[in-house]
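The following exercises concern a single protein chain, each with a worked solution. Please study the sequence and the model before turning to the solutions.

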Amino acid sequence: MGLFKQDVRCNRILNECKVMSTYNELTDIDIRNKNILIREDLNVPIKNNKIINDARIKAAIPTISYALSKGANVGIISHLGRPIEGKFDSKQSLKIVAERLSEILNKKVFFEEQPLDTKSPEYKNKLTLFENTRFLVGEKSGDEKLAKKIIKNCDVFVMDAFGASHRKHTSTYTVSKYVPVCCGGLLLMNEIKNIEKVLKNPSKPVLAIIGGSKVSTKLNILKKLTEKVDTIILGGGIANTFLLSSNLPIGKSLAEKNMVSDVKEILRLAKKNDVLIPLPKDVMCQSLTGIRNKNVNEVQKEDYIKDIGSKTSIIYEKLIEEAATILWNGPVGVFEDALFENGTKNIARSIGNTKALTIAGGGDTISAIEKFISMEKLDYVSTGGGAFLEFLEGKKLPGIEIIKKL
Ligand code: ADP
Ligand code: MG
């Protein structure tokens, strides 16, 4: 009887989920013998002709394997690096990615070198990776003619490149206008569901940790977070800009002076919404005379703030321990240098040990997580940097809008 009750409940929840789902998902579509084109983000770092981190290829595997297992003819498109449109550059060719993909899948991946503006995709090889979309003239401007060429012969377009979903490019957006069915792949849906978990009804208290060097882009997310979280802790260039706006000396440190009024607005919103933003009490400073942990009011003209200080680190650890949901973007110091890694290392370790729901995103944040703990220690690590922040901000991302149900 108990089992029966549970079944009824499960079915009801499943039905509710189906009704509530606002997205077209690959897993809801019959793709047997269909030509499907998957937009992945296979933009991996390459040095001396070697892929130095294949995490993005691995993240794409569930969608590709799923499509193959359902009997679809699969084509994959992606960008790589920042080549000049219309100009082939062997250093930014996806050929090396096709080889790695083939190794991981243990399956032949046909690599199509012919650019898609001269030869529309063919699906006869079962699994094909097409050359870098950023070699194509019109990719970045969302060109309609190019879109028609790319999407020719395609029955279903699968958007799976979360990391590129904030771009209104031909391969992430315009193609959707010319294909009968457009849906989200497994990776993209997973990203959306995990980030929404933090945005909608998270367990409280909710803590956000925002650091890094991209000050102006991250001030937007801070504004949004003052509506969503209980506490925000800061590091990196962002913390310096906050210190500056509180009339504290920051010497030669990275900061954005023209953002002081935005910071004041964030502090005003935080106060209004009862959000705690404890500024660092001390910082690690570097100057020609050496490195010193200083209280924030002792920073000198010639100092560069490179990390949070030891007292601040203890306060931040405590806040991490007390939180039930934690969102992390941006290292709190120049963690690449062992002299300034402590703040970020302590944050990573505390996050790795907490029972809270933990989610992080950002290229350098991921490097820090891999350096000091491991990705498995968190509940979810997003593959997106800019897209992760923009989605959190509540912006409409072009690559996600195209998979929304009408
Ligand atoms: P993410 O890629 O995770 O979004 P960002 O790109 O915004 O993060 O910032 C990461 C960079 O910020 C790192 O290279 C780190 O060295 C730098 N950084 C952190 N703190 C400071 C600081 N106090 N001064 C200068 N650079 C900093
Ligand atoms: Mg970065």
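**Exercise 1. Determine whether N106 is buried or exposed, and describe its backbone.**

Step 1. N106 has a relative accessibility of 71% and therefore counts as exposed; buried means under 20% relative accessible area, exposed over 50%, and partly exposed in between, with a 1.4 Å probe and protein chains only.

Step 2. N106 is placed in the loop between α3 and β5 (110–112). Helices (H or I, at least four residues) and strands (E, at least two) are DSSP runs, numbered from the N terminus.

Step 3. The phi angle of N106 is near 55°, a positive value in a residue other than glycine. Most residues other than glycine have a negative phi, and most peptide bonds are trans.

A note on conventions: this is a predicted model, in which local features need pLDDT of at least 70 and side-chain atom pairs count only at pLDDT 80 or more, whereas totals for chains, interfaces and linings use all residues. Residues are numbered from 1 along each chain as its sequence is written, chains are lettered from A and ligands numbered from 1 in the order in which they are written, and side-chain values use heavy atoms, with hydrogens and water left out.

**Exercise 2. Find a further non-glycine residue with a positive phi, and locate the cis peptide bond from K204 to P205.**

Step 1. N48, which is not a glycine, has a positive phi of about 45°. This residue lies in the loop between β2 and β3, and its relative accessibility of 74% makes N48 exposed.

Step 2. Between K204 and P205 the peptide bond is cis, with omega near 0°. P205 belongs to the loop between α5 and β9 (206–210).

**Exercise 3. Characterise the chain as a whole.**

Step 1. The chain contains 13 helices and 16 strands.

Step 2. For 406 residues, a compact globule would have a radius of gyration near 22 Å, and the chain, at 23 Å, agrees with this. The radius is taken over C-alpha atoms, and the globule rule is 2.2 Å times the number of residues to the power 0.38. Along the principal axes, the C-alpha atoms fill a box of roughly 70 × 65 × 35 Å.

Step 3. Of the 406 residues, 52% are buried. The accessible surface is about 19600 Å², and 51% of this belongs to carbon and sulfur atoms; the areas come from the Shrake-Rupley method with a 1.4 Å probe, and for residues only the protein chains shown count as cover.

Step 4. Among contacts (heavy atoms within 4.5 Å) with a separation of 6 or more, 73% join residues 24 or more positions apart.

**Exercise 4. Which residues are linked in a network of salt bridges with D54?**

Step 1. Side chains of opposite charge can pair when their charged atoms come close. A salt bridge is a side-chain nitrogen of Lys or Arg within 4 Å of a carboxyl oxygen of Asp or Glu, and by this rule the chain has 18.

Step 2. D54 and R100 form a salt bridge with their closest N and O atoms 2.8 Å apart. This pair links distant parts of the chain, 46 residues apart: D54 is in the loop between β3 (50–51) and α2 (55–69), and R100 is in helix α3 (residues 95–105). D54 is buried at 13% relative accessibility, while R100 is partly exposed at 24%.

Step 3. R100 also meets E103 in a salt bridge (2.7 Å, N to O). The two are separated by about one helical turn because they are three residues apart in helix α3. E103 is exposed, at 55% relative accessibility.

Step 4. The network comprises D54, K58, R100 and E103.

**Exercise 5. Contrast the charge pairing of E25 and E40.**

Step 1. E25 and K193 meet in a salt bridge (3.3 Å, N to O). They lie 168 residues apart, E25 in the loop between α1 (2–20) and β1 (35–39) and K193 in helix α5 (residues 186–199). E25 counts as buried at 11% relative accessibility, and K193 as partly exposed at 44%.

Step 2. E40 is buried yet has no salt bridge, the nearest side chain of opposite charge being R39, 7.6 Å away. Lys and Arg count as positive and Asp and Glu as negative; His and the chain ends are not counted.

Step 3. E40 lies in the loop between β1 and β2 (46–47). Beyond residues up to four places away in sequence, E40 touches several residues, including A60, I64, D160 and L187.
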